[in-house]
Amino acid sequence: MGKTVRAHANIALIKYWGKKDERLRLPLMSSLSMTLDRFYTDTKITESDLNHFYLNGIEQIGQSSQRVFTYLKFLQDKFGVSGNLAVRSTNHVPTAAGLASSSSAFAALAGAFCSHYGFEIEPKELSRLARMGSGSACRSVFGGFVLWQKGEDDTTSYAYALNEKPEMDLQLLAIELNPKPKKLSSTEGMKQATSSPFFKPWLQRNQTELDQMITAIQNNDFTALGQLAELNANEMHAINLTAQPGFTYFEPQTIAAINLVRHLRETGIECYYTIDAGPNVKVITRLKNVKEITNQFVSQFDNVKIVNASFGPGLSYLD
Ligand code: ADP
Ligand code: DP6
Ligand code: CO
């Protein structure tokens, strides 16, 4: 009997945003993330008469179940197994809102697939399998700070933990401004982004930014980490704006949140932001500032939900 597999979502400090190979989900750049304790997905696979995909107790039809079954068929062919499957998954993270649901989803799904068939594989191999479901998922196999080396091909593109249990005083406040599913998926957004005239210069900066981030982590340098994460996110969103045709995931409240972070910083409360493919903002800060920042957001935004996350673990097996 396969187990329920839990994978935690991760947020990139150095972003993955562009593919060299769409089918294998090989990235054009390396990326670096932190795995979060408060956001995760639980997934279990069982045998079934027909293929079924239940998300949060509701059977899914259409695009999202298509994506799951295309992926599972790919895995079945790879391992030489067959048969219909029922997937039951629960997201403890908003789905498709730029809070990295695909990272926890496909790491959990890859783990659940192997558990269902009793395949015992190395974490590195599991990371490669998860990558083929959603690129960012290869990083959710591990906890703490995680690096996805872009590699050359399928066998060399996988993630590994830089530090599974970091000591760094670092909190990530997820500012949920709009939890609704986005219109443009990450897969589509990053495809369009490569048309920006700034895409190439951004790629050329990848190794430097990665090295700087690794140094910041090794030196326990929160300021350098925050500044660089913010710059890297701004670069990604600048590429979206300047793509042809241009687009953005920002909403008016996203800009308001950016301005509040800048304002707080000017008043001596050290914090930085990062933003993914969605309107929601993540604020990076230290434990001592969490209360004040939370209060400021709650008083200035209507209907905002704030989740205070920190480092989370890699894959785990529940029952
Ligand atoms: P996000 O910012 O949430 O990562 P993406 O566009 O990358 O957004 O991916 C969202 C897609 O991931 C969903 O539309 C769905 O197809 C898939 N997904 C999300 N959660 C699950 C889950 N628990 N199991 C399988 N697929 C999921
Ligand atoms: C902005 O991993 O969701 O969150 O590989 O097409 O499924 P696919 O894309 P996905 O892209 C994540 C983009 C990002 C940055 C990041 O997590 O590195
Ligand atoms: Co995603």
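Reader: How many residues of domain 1 are in contact with how many residues of domain 2?

Author: In this predicted model, 27 residues of domain 1 touch 35 residues of domain 2. A pair counts as a contact when the C-beta atoms, placed from the backbone, lie within 7 Å.

Reader: Which elements make up the side of domain 1 that touches domain 2?

Author: β1 (5–14), β4 (31–47) and β9 (158–163) are the ones giving two or more residues. β4 has the largest share, with 6 residues. By class, that side of domain 1 splits into 17 nonpolar, 6 polar and 4 charged residues.

Reader: And where do the two domains run along the chain?

Author: The domain assignment puts domain 1 at 5–166 and domain 2 at 171–309. Their C-alpha centres are 23 Å apart.

Reader: Why is ligand 1 said to lie between the domains?

Author: Look at who supplies its shell: domain 1 and domain 2 both give residues to it, so ligand 1 lies between them. The shell holds 23 residues, and the closest are S64, S101, S102, A105 and S186. At least two residues come from each of α1, β7 (85–92) and α2, with α2 giving the largest share, 4 residues.

Reader: What classes of residue are in the shell around ligand 1?

Author: You'll find 9 nonpolar, 12 polar and 2 charged residues there.

Reader: What about ligand 2: why is that one placed between the domains?

Author: Here too, both domain 1 and domain 2 contribute to the shell, so ligand 2 lies between them. Ligand 2 has 15 residues around it, and A12, S134, G135, S136 and T187 are the closest. That shell divides into 5 nonpolar, 7 polar and 3 charged residues.

Reader: On to the helices. Why are α1 and α2 called oblique to each other?

Author: Check the angle. The axes of α1 (residues 63–79) and α2 (residues 101–117) cross at roughly 45°. Roughly parallel would need an angle under 35 degrees, and roughly perpendicular runs from 65 to 115. The crossing fits neither range, nor the one over 145 for roughly antiparallel, so the pair is oblique. The axes come within 11 Å, and α1 passes α2 in a right-handed crossing.

Reader: Which residues make that contact?

Author: From α1, they are V68, Y71, L72, L75 and F79, while α2 brings L109, F113 and Y117.

Reader: How do you know whether this contact is nonpolar or charged?

Author: Val, Leu, Phe and Tyr count as nonpolar. The contact residues come out as 8 nonpolar, no polar and no charged.

Notes: Residues numbered from 1 in each chain as written. Chains lettered and ligands numbered in written order. Predicted model: local features only at pLDDT ≥ 70, side-chain atom pairs only at ≥ 80, totals over all residues. Axes fitted to C-alpha atoms, helices over the stretch in contact; angles between N-to-C directions. Left-handed = near helix turned anticlockwise from the far one by under 90°. Contact = placed C-beta atoms within 7 Å. Near = placed C-beta within 6 Å. Domains from an automatic or database assignment.
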